[in-house]
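The following exercises concern helix packing, pockets, cavities and backbone geometry. Each task is followed by a worked solution.

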Amino acid sequence: MNAGTTPPGAGTASIAVVGIHGHGASHVRNALSRGRLVAVIDPRPPAEGSPADLAGTPWYADLDSFLASGTGVDVAILCTPLPTHAPMTTTLLRAGADVLLEKPPTTTMAEFTDLLAVESETGRICQVGFQSLGSAALAAVTEIVARGDVGEVSHIGVAGTWVRATSYFRRAPWAGKRLLDGRPVVDGVTTNPLAHATATALRLADARRVADVVAIDLELYRANDIEADDTSSLVLRSRTGPTIAAALTLCAPVNTDPWVAVYGSAGVVRLFYTRDEVSLEVTGQEPVRTSYERVDLLQNLLDARSGAGALLNPLADNGAFMAVMEAVRLAPDPALIDATQVSWEPVDGADPADVHPVVRGVADAVHRVAASGTGFRAVAAPWV
């Protein structure tokens, strides 16, 4: 394929989507609105009535058959199981396509290093799909902190309290795994379901490269019958910004919007990254909430191809996140939370057999970690 055969830019670039079901369907819709969708690649054909089906887009069962077809493509969007990210992105870059790669970019640091080398060798570009990093809210938080509105910064706190039922870990063979068929997966709460929280905090600390991370203290736990962590805290020190203290769980009593906050001597600025909203909470004053726009990362990639700007989240800027990924991968298996600390609740409107765990006191412990800048042990979480 020759990525230069089609003029780059919105509406003109030829796009292929690899992995079209589940979250992949949203990538298909987005590709249809921003370029010419020339192919969809997935072992399963497009579902009847799906965007790819309605558009009549040519379907290929695998990447090899697509490449053998000789179809020219400028940009490939990769939304496939985690262990396939590195080999498939390597193939696409070497075939001449620029790539929008779903998070996390790879499952090991070695794969990440190799992929950076391939990107350099081919001269192509790869953007990692942490959509929160396209938000103008990040720059707003940085400006608020720089003005001194929250006073002297102590740390960055991260809180994520989500509900995920047991069916969530049955959705794919790799879900909730640390290894699958001997290959790393690392599908834990910190590195996949709530990975945007981790990545957003790192960006606010301006920690982008592997060398920016000085130390990581992990506490990994699980309530579910899985290999990976579903409730974890992370305290990270970097050479670029304040300490990050993150607490994340899939075992909360209710689903709430995750946030990343910069704590200071005069108050807190809190970013609700899923809705691009910033809350400035100065001591003694009413909170001020402001919403911001978000740049679509596919559009940003198309613009960067045409020289109309830089990538918002180039592959190299994910080194600090990969340091977290590698620390989780190499950490001991998550500790099983004692059954006396877990209740199992039904899921509204779902199969009666589908339940979700609620870890005792988890929401309070998550918020105390974020506020204190320490981990679960330090805040005496009930299950520790």
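## Exercises on a predicted model

The second largest pocket of this predicted model has a volume of about 360 Å³. The exercises begin with this pocket.

**Exercise 1.** Determine which residues lie closest to the centre of the second largest pocket, and which element gives the most to its lining.

*Solution.*
Step 1. The lining of the second largest pocket consists of 20 residues, and those closest to the centre are Leu138, Ala139, Thr142, Arg203 and Leu204.
Step 2. Two or more lining residues are given by each of α6 (137–147), β7 (153–161) and α7.
Step 3. With five residues, α6 gives the most to this lining.
Step 4. Divided by class, the lining has 13 nonpolar, four polar and three charged residues.

**Exercise 2.** State the volume of the largest pocket and describe its lining.

*Solution.*
Step 1. The volume of the largest pocket is about 1100 Å³.
Step 2. Its lining comprises 38 residues; nearest the centre are His21, His23, Gly24, Cys79 and Trp174.
Step 3. The class division for the largest pocket is 16 nonpolar, 14 polar and eight charged residues.

**Exercise 3.** Classify the mutual orientation of α7 and α9, and identify the residues through which they touch.

*Solution.*
Step 1. Two packed helices are described by the angle between their axes and the distance between the axes.
Step 2. For helix α7 (residues 195–204) and helix α9 (residues 319–330), the angle is about 130 degrees and the axes are 9 Å apart.
Step 3. Angles from 65 to 115 degrees count as roughly perpendicular and those over 145 as roughly antiparallel. The packing of α7 and α9 falls in neither range, and these helices are therefore oblique to each other.
Step 4. The handedness of the α7 and α9 crossing is right-handed.
Step 5. On the α7 side the contact is made by Ala195, Thr198, Ala199 and Leu202, and on the α9 side by Ala320, Phe321 and Val324.
Step 6. Six of these contact residues are nonpolar, one is polar and none is charged.

**Exercise 4.** Classify the orientation of α4 and α5 and give the make-up of their contact by class.

*Solution.*
Step 1. Helix α4 (residues 85–94) packs with helix α5 (residues 109–122) at an angle of about 5 degrees, their axes being 9 Å apart.
Step 2. The cut-off for roughly parallel is under 35 degrees, and α4 and α5 are therefore roughly parallel to each other.
Step 3. From α4, the residues Ala86, Thr89, Thr90, Leu93 and Arg94 meet Glu111, Leu115, Val118, Glu119, Glu121 and Thr122 of α5.
Step 4. By class, this contact has four nonpolar, three polar and four charged residues.

**Exercise 5.** Find how many cavities of 30 Å³ or more the model has, and state which element gives the most to the lining of the largest cavity and of the second largest cavity.

*Solution.*
Step 1. The count is two cavities of 30 Å³ or more.
Step 2. The largest cavity has a volume of about 60 Å³. Its lining is formed by Phe130, Leu133, Ala199, Leu202, Arg203, Ala207, Asp317, Asn318, Ala320 and Phe321.
Step 3. α7 and α9 are the elements that give two or more residues to the lining of the largest cavity, and α7 provides the largest share, three residues.
Step 4. In the lining of the largest cavity, seven residues are nonpolar, one is polar and two are charged.
Step 5. The second largest cavity has a volume of about 30 Å³. It is lined by Thr198, Ala201, Leu202, Leu234, Leu236, Ile244, Ala246 and Val324.
Step 6. At least two residues of this lining come from each of α7, β11 (231–238) and β12 (244–249). Here α7 gives the most, with three residues.
Step 7. The lining of the second largest cavity has seven nonpolar residues, one polar residue and no charged residues.

**Exercise 6.** Locate the cis peptide bond that joins Lys103 to its partner, and the loop in which Asp181 has a positive phi.

*Solution.*
Step 1. Most residues other than glycine have a negative phi, and most peptide bonds are trans.
Step 2. The bond joining Lys103 and Pro104 is cis, with omega about -15 degrees. Pro104 belongs to the loop between β5 (98–101) and α5.
Step 3. Asp181, a residue other than glycine, has a positive phi near 55 degrees. Its position is in the loop between β8 (179–180) and β9 (183–184).

How values were computed:
Residues are numbered from 1 along each chain as its sequence is written. This is a predicted model: local features need pLDDT of at least 70, side-chain atom pairs count only at pLDDT 80 or more; totals for chains, interfaces and linings use all residues. Side-chain values use heavy atoms; hydrogens and water are left out. Axes are lines fitted to C-alpha atoms, for helices over the stretch in contact, and angles run from 0 to 180 degrees between N-to-C directions. Helices (H or I, at least four residues) and strands (E, at least two) are DSSP runs, numbered from the N terminus. A crossing is left-handed if the near helix is turned anticlockwise from the far one by less than a right angle, and right-handed if clockwise. Contact means heavy atoms within 4.5 Å. Ala, Val, Leu, Ile, Met, Phe, Trp, Tyr, Cys and Pro count as nonpolar, Asp, Glu, Lys and Arg as charged, and the others, Gly among them, as polar. On a 1 Å grid over the protein atoms alone, a cavity is a set of points where a 1.4 Å probe fits but cannot get out, and a pocket is an open set with protein on both sides within 12 Å along at least five of seven lines; lining residues have an atom within 4 Å of a point. Grid points are joined across faces, edges and corners, and a volume is the space filled by probe spheres set on the points.
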